[in-house]
Amino acid sequence: MRKQLLSPFVPFLMFFLYSSTTFAQTPSPAPSGPTNITAILAKAGQFTTLIRLLKSTQEADQINTQLNNSNQGLTVFAPTDNSFANLKAGTLNSLSDQQKVQLVQFHILPNFLSMSNFQTVSNPLRTQAGNSADGEFPLNVTTSGNQVNITTGVNTATVANTIYTDGQLVVYQVDQVLLPLDLFGTAPAPAPAPSKPEKDVPAKAPAGSKEDASVDSSGASIATVSFGVVLIAAISLKL
């Protein structure tokens, strides 16, 4: 009797469970409105310094304009506040305004690269800071399994996770600030200054040297001449 009462409700129960599971697996839609890189970073948290640099260099406006007015993709490497804090004291303040722009642009690739793309990408990568072929802004990627490392010629950073992706823009969190070789490369050591020549100090002639021998021979010659003069004088007196 109970089986007969429950049987009509079984199909409805199964449909309810299937619908609940399906809705739970559906990803939430992307936020409406134009893409805003600083809003994405602010929502993720711990990117205050990068946001400040993006705004002060006006790179944030350029990124947003490019994303919202073209189909060109972008890849952004985002160092955390801790990454900036680990830099040598005064590093950012020592940069000119143009160098700060180059530093920010060095973290931006002018194309969309998914995590799987890093496995087959060709090095060096071209960044918005400039051409990497001249050795000023080289950026190379190496992978080991699912780990992606980024080498600049000065330091090596690791991609920690994906902050945001929508098929056109992808933002990756990295554990270090990417330092361009052109701005932070080790300068060649200056040539050592020529040493001042030491004053020549005449060395004392060692005992038994030629100088002593000449003095002795000179003295012996004088003594011989004097003895000869005395001998001639004595002979003359006897005569």
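Okay, let's start with Gln-102, which sits in helix α7, residues 97-105. Before I go on, a reminder that what we're looking at is a predicted model. So, Gln-102: buried or exposed? The relative accessibility comes out at 16%, and since buried means under 20%, Gln-102 counts as buried. And what does Gln-102 touch, once you drop residues up to four places away in sequence? The answer is Ala-129, Phe-137 and Leu-183.

Right, let's zoom out to the sheet. There are 6 strands in an open sheet, and the order is β2-β1-β6-β5-β4-β3, with mixed pairing. At the edges you find β2 and β3, each of which pairs on one side only.

Let me walk in from the β3 edge. β3 runs antiparallel to β4, residues 147-151, and 5 bridges join the two. One pair to look for is Ser-144, whose bridge partner in β4 is Gln-147. β3 and β4 make a hairpin with 2 residues between the strands, and in that hairpin Gly-145 takes a positive phi near 70 degrees.

Next strand along. β4 pairs with β5, residues 156-165, again in the antiparallel sense, over 3 bridges. Here Asn-149 has Thr-158 as its bridge partner in β5. These two strands form a hairpin as well, with 4 residues between them. Which residue in that turn has the positive phi? That's Gly-153, at about 95 degrees.

While we're at that end, go back to the loop that leads from β2 (108-109) to β3 (140-144), because I want to show you Leu-125, which is found there. Leu-125 has 5% relative accessibility, so we call this loop residue buried. Its C-alpha is 9.7 Å from that of Pro-110, and the two are 15 residues apart in sequence.

Now for the helix I'd like to spend some time on, α3. α3 lies across β1, β5 and β6, and runs at about 40 degrees to β6. Which residues of α3 are buried? Ile-37, Thr-38, Ile-40 and Leu-41. They're on the same side of the helix, because they cover an arc of only 160 degrees around the axis. If you want the background: an α-helix has 3.6 residues a turn, so residues three or four places apart point the same way. Turn to the face away from the buried side and you'll see the exposed residues Ala-42 and Lys-43. As for what covers the buried residues of α3, that includes α4, α5, β1, β5 and β6. And just after the helix there's another glycine to note, Gly-45, with a positive phi of about 80 degrees.

Let me pick out one of those buried residues, Thr-38. α3 covers residues 37-44, with Thr-38 in it. Its relative accessible area is 12%, which makes Thr-38 buried. Its side chain makes a polar contact with the side chain of Asn-36, at 2.6 Å. Setting aside neighbours within four places in sequence, Thr-38 is in contact with Ile-51, Leu-54, Lys-55 and Ala-60.

That takes us to the packing. The largest nonpolar core has 26 residues, and the ones that touch the most other members are Ile-37, Leu-41, Leu-54, Ile-63, Phe-84, Leu-169 and Val-171. Which elements give two or more residues to this core? Those are α3, α4 (48-56), α5 (59-69), β1 (74-79), α7 and β6 (169-174). The largest share is that of α4, with 4 residues. Take Ile-63 as an example: leaving out neighbours within four places in sequence, Ile-63 is in contact with Ile-37, Leu-54, Leu-74 and Ile-108. There's also another core, apart from this one, with 18 residues, including Phe-106, Leu-113, Val-141 and Val-170.

Last stop, Asp-81. You'll find Asp-81 in helix α6, residues 81-85. Asp-81 and Gln-46 are 35 residues apart in sequence, yet their C-alpha atoms are 5.6 Å apart in space. And who else is in contact with Asp-81, not counting neighbours within four places in sequence? Besides Gln-46, there are Phe-47, Thr-48 and Thr-49.

That's my tour, so over to you.

Terms used. Residues are numbered from 1 along each chain as its sequence is written. Side-chain values use heavy atoms; hydrogens and water are left out. Buried means under 20% relative accessible area, exposed over 50%, partly exposed in between (1.4 Å probe, protein chains only). Two strands pair if DSSP finds at least two bridges between them. A polar contact is a pair of N or O atoms within 3.5 Å; within protein, one must be able to donate a hydrogen and the other to accept it, and residues adjacent in sequence count only if both atoms are side-chain atoms. Contact means heavy atoms within 4.5 Å. A nonpolar core is a set of buried Ala, Val, Leu, Ile, Met, Phe, Trp, Tyr and Cys residues joined through side-chain atoms within 4.5 Å. The arc is that of the directions from the helix axis to the C-beta atoms. Axes are lines fitted to C-alpha atoms, for helices over the stretch in contact, and angles run from 0 to 180 degrees between N-to-C directions.
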